[in-house]
Amino acid sequence: MKKFTALFCALIILFTCNSFTVAGAASYDDLFEAPKVPGLSCGAVAAIKLDNSQLLFGKNEDEKLYPAELTLIVTALVAFKNLNKDSNGVPYSNEIVKVGKEIRQVPAGLNVAGLDIGEEISVKDLFYALLIGNGSDAAMTLAVYIGRKELGGIADSKYSYDKEAIDFFVKMMNDEVRTYGTTGTNFSHPHSGYAQTHYITAYDYALICREYFAYSFLNKVSMIVAMEYPDWSSSKNGKTQYRDWVNTNGLVVENSSYYDADFAGIKYGYSKNAGECLASVVTRNGYSVIIVTLKSPKKNSSYNAIKNVAEYVYSLYVLYKPSFAGDIIAYKHVENPSDASMEYLPLMCVSTPRFFIKVTDIPRITTYVAIDPAFKRPTIDNVREDEEYYEAPILKGTRIGKIVYMLQNRVLGEVEIIAGKTVDKYEAVPDILVPKWYQTLNYAVVVLSAMCLILLGFIIALMFKLTSGVRNRRKIRKKYSDNRKFKSKKIKMSAYSRYKR
């Protein structure tokens, strides 16, 4: 029994350790790739970078769904690209269109701008009716006008419904969006109505918005909150009546509870079959992202969805700047500098590199210096052409090469680097520049000087010896003289003593 219990405990421990190991094997990035974005109840989402179409976030981004009023963006884009424009890229105000019976083909229940059969309106004003007023009638009028132009036909005097022109314009819509790289989109009409063969994907529509955003006139129209337009066929008490066209995109309406100054355009739409649809461009932290949400089940739920996706994207990705123009990125050892203070050469960035990467990838960035082939090569033989080796002299501003930024095996970018200061070369005076006679004279002077010093030393020693002998003889002579005087005095004292006695 004890053995069975021990075996059972061992199996539990082993299973627990293995389970923990598998869970721990997932990297932080892997966990980050499957986020739980709050408020994301919509059927499909796509978020792409504006400048290069990189998919930053997606949820069912390739699922075919109905676009509702988002169709009008494509109608406007195709019509705009096939109209004459002034130098500022604005359609001419004097290009007049007569509204025909095509507006009667708009399905019941769709938004209209209130155009009337026989009304004369400029193509420029038709864009206001289409994009601000969500006018499917304006979409039909533009489609007929552009279709007839491309087919070379002219409307008859009774403004009859021109199905051939509409069908040709729809073909233009499908041909146009395919040039943007769309693969799951098809249009069957230019208005915002429903049809089984009329669908888009969130990713495809983001690509369409990217093209739309390239034209400033269309962007400006999408940002207009509201406008009044004269109703040409009605008046009251002699006064002109006006049609009110109101932008339904709450992201750009300042008095809306959904307003956000970071968002610009593009379109809001809703229908029973399509649900709520919203597309816009958000700009933060130095880069812009197109976000498309489709089939949101609740009214106004797409606003929370698009804002939550924006928060997620900007927390995950960053426009990283590892250095700035004028920064010293490294110091490199220089051979043969003129002095110790010039032993290291500063390498300076010419421009500011910018890399769009995940925040979690920043610590993984590596760099290396690629030497410019035109840069002065070393004079020694054991240095490769691509090896970093710096030998004086090097002038300030000399192009050294480039610093290459890598993420694993992928090149993020590169920046030119130059010498940040001048490094002079150590110059020793070569012997060959000194004449031989001058060298011989120098040697003779050195030898003669040495001999003179030796002779001077000998003379000094001799003089010291001579003066020492003279002093010794004087001492001896003095001592001898003193002894004689003493003896003479002693003799005299003895004689005097005897005389006294």
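A residue is called buried here when its relative accessible area is under 20%, and that cut-off is worth keeping in mind throughout this tour of a predicted model.

**The whole chain**

Begin with everything displayed. The protein has 501 residues, of which 41% are buried, and its secondary structure comes to 10 helices and 17 strands. Among the contacts with a separation of 6 or more, 62% are between residues that lie 24 or more positions apart.

**Helix α3 and what surrounds it**

Select residues 71–81, which form helix α3; this helix is mostly covered, with 10 of its 11 residues buried. The buried residues are Thr-71, Leu-72, Ile-73, Val-74, Thr-75, Ala-76, Leu-77, Val-78, Ala-79 and Phe-80. Now add the elements that these buried residues pack against, namely the helices α4, α5 (136–151), α6 (163–178), α7 (202–212) and α8, together with strand β7. The next two stops are pairs of helices taken from that group.

**Helices α4 and α8**

Keep α4 (residues 123–131) and α8 (residues 216–223) on screen and hide the rest; the two helices pack with their axes 9 Å apart and at an angle of about 45 degrees. They are therefore oblique to each other, and α4 passes α8 in a right-handed crossing. To see the contact itself, show the side chains of Lys-124, Phe-127, Tyr-128 and Leu-131 on α4, and those of Phe-217, Leu-218, Val-221 and Ser-222 on α8. Sorted by class, this contact has six nonpolar residues, one polar residue and one charged residue.

**Helices α5 and α6**

Move on to α5 and α6, whose axes come within 7 Å and cross at roughly 90 degrees. That makes α5 roughly perpendicular to α6. From α5, select Met-140, Ala-143, Val-144, Ile-146, Gly-147, Arg-148, Glu-150 and Leu-151, which meet Glu-164, Ala-165, Ile-166, Phe-168, Phe-169 and Met-172 of α6. The residues of this contact divide into 10 nonpolar, one polar and three charged.

**Strand β7 and a cis peptide bond**

Return to strand β7, selecting residues 263–271, in which Ile-266 is found. If you display the backbone between Gly-265 and Ile-266, you will find a cis peptide bond joining them, with omega at about -10 degrees.

**Two loop residues with positive phi**

Go next to Ser-53, which is found in the loop between β1 (44–49) and β2 (55–59). Although Ser-53 is not a glycine, its phi is positive, at about 65 degrees. The relative accessibility of Ser-53 is 15%, so the residue counts as buried.

Then select Asn-300, in the loop between β9 (287–296) and α9 (301–316). Asn-300 is likewise a residue other than glycine with a positive phi, here near 70 degrees. Unlike a residue that counts as buried, Asn-300 is partly exposed, with a relative accessible area of 27%.

**The six-stranded sheet**

For the last part of the tour, display the open sheet of six strands, which run in the order β14-β16-β17-β12-β11-β15 with mixed pairing. The edges are held by β14 (365–371) and β15 (390–391), each of which has a single partner strand, so one side of each is left without a neighbour in the sheet.

Working inward from β14, select β16 (residues 399–407), with which β14 pairs in the antiparallel sense over seven bridges. A useful pair to label is Val-369 and, opposite it in β16, Ile-403.

β16 pairs in turn with β17, again in the antiparallel sense, over eight bridges. These two strands form a hairpin with two residues between them, and in the turn Gln-408 has a positive phi of about 60 degrees. Beside the turn, label Leu-407 and its bridge partner in β17, Arg-410.

Finish with β12 (residues 344–349), which runs antiparallel to β17 (residues 410–419) and is joined to that strand by three bridges. Here the residue to label is Met-348, which stands opposite Ile-418 in β17.

Definitions and conventions: Residues are numbered from 1 along each chain as its sequence is written. This is a predicted model: local features need pLDDT of at least 70, side-chain atom pairs count only at pLDDT 80 or more; totals for chains, interfaces and linings use all residues. Side-chain values use heavy atoms; hydrogens and water are left out. Two strands pair if DSSP finds at least two bridges between them. Helices (H or I, at least four residues) and strands (E, at least two) are DSSP runs, numbered from the N terminus. Axes are lines fitted to C-alpha atoms, for helices over the stretch in contact, and angles run from 0 to 180 degrees between N-to-C directions. Angles under 35 degrees count as roughly parallel, over 145 as roughly antiparallel, 65 to 115 as roughly perpendicular and the rest as oblique. A crossing is left-handed if the near helix is turned anticlockwise from the far one by less than a right angle, and right-handed if clockwise. Contact means heavy atoms within 4.5 Å. Ala, Val, Leu, Ile, Met, Phe, Trp, Tyr, Cys and Pro count as nonpolar, Asp, Glu, Lys and Arg as charged, and the others, Gly among them, as polar. Buried means under 20% relative accessible area, exposed over 50%, partly exposed in between (1.4 Å probe, protein chains only).
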